[in-house]
Amino acid sequence: MESSAEKLRGLRITSLDEDDDETVVPHQPLPGPAAAAADYEDDDEDEEEEAEVTLGVLKKPKCPGFLLRHLFPSKAGGIPAWLDPVNLPSGKSSCCGFCGEPLQFVLQIYAPIEDNAAAFHRTLFVFMCPSMACLLRDQHEQWQHKHGSPCRSVKVFRCQLPRTNAFYSTEPPKHDGSDKPLCPGAPVCHWCGTWKGDKICSSCKKARYCSEKHQALHWRTGHKNDCLQLISSSDASKSVLTAIGKVPASTSWPEFEIETDFEGTFDSDSCDENNSKSLVMHRHGKPDAMTQSWMDQFEADADNKCWASFQERVSRAPNQVLRYCREPNAKPLWALSSGCPSNADIPSCSSCKGPLCYEFQIMPQLLYYLGVGNQPDSLDWATIAVYTCQGSCDQSVSYKEEFAWVQLYPTTTTMR
């Protein structure tokens, strides 16, 4: 017989239909406290009313050009559209704290703060090591912040700019093809397209890399021939230069744009609210006989109650990959009661030492869209909650590291 924890693990949503007809508004900045508060008609009547959550769902980009940095996109997969394109994170900041490999881009959300002039433009970037072994170590290390700076395999960076800056026009984008950034960005790695290309190929002096590993990978997968052509040709073939600038598709996860809508717009009447156990879904239908049997056998412990509540909430919009709410009373939607942080477990801002607040969480459904498999060493998580500086401090460094709390399924932590 399977343990209760194993049953919980087996019921994770792993497959979703992409045919979703929900109406969403693309490329809208995620709402700050002022915007969300305006949506309440009777806000004063109930001070304990739950904060409005904005959901993020993924759509294939209608045009890749819409996800460029000067259009301030929210996106997942592909390569980051850096807000400050020059002063990128580098050194150890760009690498996994355990294996030392460059981190892979997960997603970014454009979330300006209305009443903060320094955060007129504001984007949060999430990166992760693709190794599940590193994520398991990360999940243990996150408890150790009181004893120094823990190693992390999941990193979040916040970048913000005032309206008048060196990179973008003070006028909003027209989205008619005429929008252009004011200056080029720093050269990035020709292998991953993500991190600053501090290392230069010693032969052709053209290709750039963020690490020796990416230089070796690029050399083995085609740059060896391109490099020889560049050296032998005084007139550096345009086709070769173009090939160098392309990022190999296999080095990044599939690219999607993130579209948003308030959670309240989804029809919760379709859910059987009188029986939360029936809301555990593998796709969009009701649970099969085996799933229902498992649910009926669950003991009424805290994890099971939390899991049922999690599934009831998620079932209102099963394809959600992101939950965003920066309201003062906002809290993450935890999948399990175990492994949740207390207030004391959340560190202070690494830049200004002020308090952090919860801002958004990444749902496990994202794994499906990124094409992550179900192998023993594949990435997996219950949820990842991101906490950011409450005052969104404006320190000298362009990319300030924030804090991510990883919650894994109980069998993940016990089986490995």
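The legends below describe several close-up views of a predicted model.

**View 1. Strand 6 and its two partner strands.**
Strand 6, made up of residues 154–161, is mostly covered, with eight of its eight residues buried. The covering extends to both faces of the strand, since Val 154, Val 156, Arg 158 and Gln 160 are buried on one side, while Lys 155, Phe 157, Cys 159 and Leu 161 are buried on the other. Strand 5, residues 121–128, runs antiparallel to strand 6 and is joined to it by eight bridges, and one place to look for this pairing is Thr 123, whose bridge partner in strand 6 is Cys 159. Strand 6 is also joined to strand 13, residues 400–407, again in the antiparallel sense, here through three bridges. In that second pairing, Val 156 has Glu 402 of strand 13 as its bridge partner.

**View 2. Strand 9 with strands 2 and 3.**
Strand 9 covers residues 256–262, and because seven of its seven residues are buried, it is largely enclosed by the rest of the structure. One side of the strand carries the buried residues Phe 256, Ile 258, Thr 260 and Phe 262, and the other side carries Glu 257, Glu 259 and Asp 261, which are buried as well. Strand 2, residues 54–59, pairs with strand 9 over six bridges in the antiparallel sense, and within this pairing Val 57 stands opposite Glu 259. Strand 3, residues 75–76, is likewise antiparallel to strand 9 and is joined to it by two bridges, with Ala 76 placed opposite Phe 256.

**View 3. Helix 7 and the loop that holds Asn 319.**
Helix 7 has 13 residues, which at 1.5 Å a residue should span 18 Å, and its end C-alpha atoms are indeed 18 Å apart, in agreement with that expectation. The helix is mostly covered, with ten of its 13 residues buried; among them are Trp 307, Phe 310 and Val 314, together with Asp 303, Glu 312 and Arg 313. Between helix 7 (302–314) and strand 10 (322–324) lies a loop that contains Asn 319, a residue that counts as buried at 5% relative accessibility. Although Asn 319 and Met 363 are 44 residues apart along the chain, their C-alpha atoms are separated by 9.4 Å.

**View 4. Two pairs of cysteines without a disulfide.**
A disulfide is a covalent bond between the sulfur atoms of two cysteines, and a search of the whole structure finds zero of them. The cut-off used for a disulfide is a pair of cysteine sulfur atoms within 2.5 Å. For Cys 96, the closest cysteine sulfur belongs to Cys 134 and is 3.7 Å away, which is too far for a bond. Cys 352 has its closest cysteine sulfur in Cys 389, at 3.7 Å, and this too is too far for a bond. As for their surroundings, Cys 96 is buried, with a relative accessible area of 4%, whereas Cys 352 is partly exposed, with a relative accessible area of 33%.

**View 5. The segment annotated as MYND-type.**
An unreviewed UniProt entry lists residues 189–227 as "domain: MYND-type", and this view takes its limits from that record. Over residues 189–227 of the model, the chain is 41% helix and 10% strand, and the C-alpha atoms at the two ends of the segment are 15 Å apart.

Note on methods. Residues numbered from 1 in each chain as written. Predicted model: local features only at pLDDT ≥ 70, side-chain atom pairs only at ≥ 80, totals over all residues. Heavy atoms only, no water. Buried < 20%, exposed > 50% of the residue type's maximum accessible area, 1.4 Å probe, protein only. Helix = DSSP H or I, 4+ residues; strand = E, 2+ residues; numbered from the N terminus. Pairing = 2+ DSSP bridges. UniProt positions renumbered as here; feature names shortened; annotations may be inferred. Expected span 1.5 Å × (residues − 1).
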